[in-house]
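Welcome, and thanks for opening the viewer. Please load the model, show it as a cartoon, and keep the selection tool at hand for a short walk through it.

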Amino acid sequence: MNKADKIWLDGKLVNWDDAKVHVLTHALHYGVGVFEGIRAYKTSDGRSAVFRLREHLQRLYDSAHVVLMEIPYPIERLQEACIETLKVNRQPEGYIRPLAFYGYGNLGVGAVNPVQVTIATWPWGAYLSEEGLKKGIRAKVSSFTRMHVNVNMVRAKISGQYVNSFLANREAVMSGYDEAILLDTEGYVAEGSGENLYIVKNGTLFTPSLSSPVLAGITRDSVLKIAKDQGVPIVEQKFTRDTMYLADELFMTGTAAELTPVREVDNRRVGSGQPGPVTKKLQETFFRTVHGEEQRYREWLTYY
Ligand code: PPE
């Protein structure tokens, strides 16, 4: 990966190669960690800004609450630490990964160990390739199911829950596709391994509601706001797999994936096989927004 100089670990900036934990760290064994993925962008006036920093950190604290974890810092401290880490690494843009986890102490599922917190930042380009962003990706419905809402704590971004995403993503990529699409336990479309999912049909934007087993994506929230402001009708409800096959447009969003069109699903061309007009307009506005070119969404940016 693209290394940076320093990583923030338990209140201190340490050298990248020294940011280590004990092999008996609880989270390594049981997956009880909570994390975030945040992006910083260069804006058009030359300054840099983090996109929706506060909302991402709020979700981190909410995720911690779900797993009964007390993050030993106020949210303001982690907000400063994200900026501090970007600055010390001299990164005008890139990805920010905060992670809070049960550390070393006792082992056993229910052991409650000291909570450790780390923030790493590094350069991360297009998640599903530059070409994917422009032309759209090829996706495959997974043989793995998005876990039931009483298995997967869907309001939380918990490390262990990503085993499901890992299995789905690896299966799709090893079968020659770019990304997996997971269905819920009833067979309705849920989301990608690390992205929310949308279709456009006759000009209306559809995405599973937050009662489905999907993460309440911050990019999702942003894109729905942008779509609403553009007068695009929005329906948040579950839909079937074949609804995707018959969609005019299909796309995915996430901090890492940004707004990526999907041009093919299960070997069926979606719409014209190229990113459609609604997708393209939303993508363009989304990129203008993160680069500080949309005045009305300026409050989403934390400049540094
Ligand atoms: N669903 C899942 C399962 C998910 O992991 C993400 C983010 C989203 C939806 C979109 O959420 P948001 O980023 O708030 O819009 N996935 C993160 C991790 C990716 C990774 O490979 O690691 C991300 O995009 O940062």
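What percentage of the 304 residues of the protein chain count as buried? The figure is 53%. Keep in mind along the way that this is a predicted model.

**Stop 1: the whole chain**

Start with everything selected and colour by secondary structure. The protein chain has eight helices and 17 strands. Turn the C-alpha trace around: along its principal axes, it spans about 55 × 50 × 30 Å. The radius of gyration is 19 Å, which agrees with the value near 19 Å that a compact globule of 304 residues would have.

Contacts along the chain are worth a look here too. Taking contacts between residues at least 6 apart in sequence, 69% join residues at least 24 apart.

Now switch on the surface. Its accessible area comes to about 13800 Å², and carbon and sulfur atoms account for 52% of that. If you colour by charge, you will be looking at 36 positive and 35 negative side chains. The centres of these two sets lie 2 Å apart.

**Stop 2: V21, in a loop**

Select V21, which sits in the loop between β2 (12-15) and α1 (26-30). Is V21 buried, exposed or partly exposed? Its relative accessibility is 39%, so V21 counts as partly exposed, a class that runs between 20% and 50%.

Show the side chains around V21. Setting aside residues up to four places away in sequence, V21 touches F101 and Q116. Then add Y104 to the selection: the C-alpha atoms of V21 and Y104 are separated by 8.0 Å, although the two residues are 83 apart along the chain.

**Stop 3: helix α2 and the residues beside it**

Approach this helix from R52, in the loop between β5 (48-51) and α2. Check the backbone there: phi of R52 is near 55°, a positive value in a residue other than glycine. R52 counts as buried because its relative accessibility is 7%, below the 20% cut-off.

Next, select residues 53-66, which make up helix α2. How far apart are the end C-alpha atoms of α2? They are 20 Å apart, in agreement with the 20 Å that 14 residues should span at 1.5 Å a residue.

Colour the buried residues of α2 differently from the rest: L53, H56, L57, R59, L60, Y61, S63 and A64. As you look along the helix axis, it helps to recall that an α-helix has 3.6 residues a turn, so residues three or four places apart point the same way.

Move past the end of α2 to L68, in the loop between α2 and α3. Here phi is positive again, near 60°, in a residue other than glycine. Is L68 buried or exposed? L68 is exposed, with a relative accessible area of 76%.

**Stop 4: K87, in helix α3**

Select residues 75-88 for helix α3, then pick out K87 within the helix. K87 is exposed, with a relative accessible area of 51%. Draw a distance from the C-alpha atom of K87 to that of T121: the separation is 9.8 Å, for residues 34 apart along the chain.

**Stop 5: T255 and its contacts**

Select T255, in the loop between β14 (249-254) and β15 (258-265). At 16% relative accessibility, T255 counts as buried.

Which residues is T255 in contact with, leaving aside neighbours within four places in sequence? They are G37, I38, R39, H56, Y95 and T219. You have met H56 already, among the buried residues of α2. T219 takes you onward, as one of the buried residues of α6.

**Stop 6: helix α6**

Select residues 218-229 to show α6. Its twelve residues should span 16 Å at 1.5 Å a residue, and the end C-alpha atoms are 17 Å apart, which agrees. Colour the buried residues here as well: I218, T219, R220, S222, V223, L224, I226 and A227.

For contrast, click on K228, also in α6. K228 is exposed, with a relative accessible area of 64%. From the C-alpha atom of K228 to that of K281 is 13 Å in space, and the pair are 53 residues apart in sequence.

Finish at G231, which follows α6 and has a positive phi, near 80°.

Methods. Residues numbered from 1 in each chain as written. Predicted model: local features only at pLDDT ≥ 70, side-chain atom pairs only at ≥ 80, totals over all residues. Heavy atoms only, no water. Helix = DSSP H or I, 4+ residues; strand = E, 2+ residues; numbered from the N terminus. Buried < 20%, exposed > 50% of the residue type's maximum accessible area, 1.4 Å probe, protein only. Contact = heavy atoms within 4.5 Å. Rg over C-alpha atoms; globule rule 2.2 N^0.38 Å. Areas by Shrake-Rupley, 256 points an atom, 1.4 Å probe, with all protein chains shown as cover. Lys, Arg positive; Asp, Glu negative; His and termini not counted. Charge placed at Lys NZ, Arg CZ, Asp CG, Glu CD. Expected span 1.5 Å × (residues − 1).
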